Amino acid sequence: MEKNRQLNGYINIAHKAGYLIIGSDKLKGYNKKLYIVIYDTSAQKNTLKVVEEMKNKNIPIFAVENLAELTNISNCKIVGIKNKDISEIIANILK
């Protein structure tokens, strides 16, 4: 539970700072540097295609449950973070 609170906090910081890329449509065409991708375990085929695409780019990818709850964005299934420091902290929490 503590892990979720920490994740929620860092994801919110990234969101407020404009470091969060939200949704498979935005991530699909995103060609700038991403440091981490987080997707919901209940994600559907289109989102999973984007996850595969990101794996090919050697971006660290993590699956979590209830991503919408962590991001406070309803129906959110995938996010990418374009800030190195925040991404490293989140990756360490998720490991």
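Let's start with Ile90: setting aside its neighbours within four places in sequence, Ile90 is in contact with Leu7, Tyr10, Ile11, Ile36, Ile38 and Ile81. Keep in mind that this is a predicted model. Ile90 also shows up in the largest nonpolar core, so let's look there, and then at the sheet.

**The nonpolar cores**

- The largest nonpolar core has 19 residues, and Leu20, Ile36, Ile38, Ile81, Ile90 and Leu94 have the most contacts inside it.
- At least two residues of this core come from each of α1 (2-16), β2 (36-40), β3 (61-64), α4 (67-71), β4 (78-81) and α5 (84-94).
- Helix α5 gives the largest share, with five residues.
- There's also a second, separate core of 12 residues, and Leu27, Tyr30, Val51 and Ile78 are among them.

**The sheet**

- Four strands make up an open sheet, in the order β1-β4-β2-β3, and the pairing is mixed.
- At the edges you'll find β1 (20-22) and β3, each of which pairs on one side only.
- Going from one strand to the next, the twist averages 20°.
- In general, strands of a sheet pair through backbone hydrogen bonds, and they can do that either parallel or antiparallel.
- Here, β1 and β4 go for the antiparallel sense, over three bridges.
- Leu20 stands opposite Ile81 in β4, and both residues are on the list of those with the most contacts inside the largest core.

**Helix against sheet**

- α5 lies across β2, β3 and β4.
- Relative to β2, α5 runs at about 45°.

Key:
Residues numbered from 1 in each chain as written. Predicted model: local features only at pLDDT ≥ 70, side-chain atom pairs only at ≥ 80, totals over all residues. Heavy atoms only, no water. Core = buried A, V, L, I, M, F, W, Y, C linked by side-chain atoms within 4.5 Å. Buried < 20%, exposed > 50% of the residue type's maximum accessible area, 1.4 Å probe, protein only. Contact = heavy atoms within 4.5 Å. Pairing = 2+ DSSP bridges. Axes fitted to C-alpha atoms, helices over the stretch in contact; angles between N-to-C directions.
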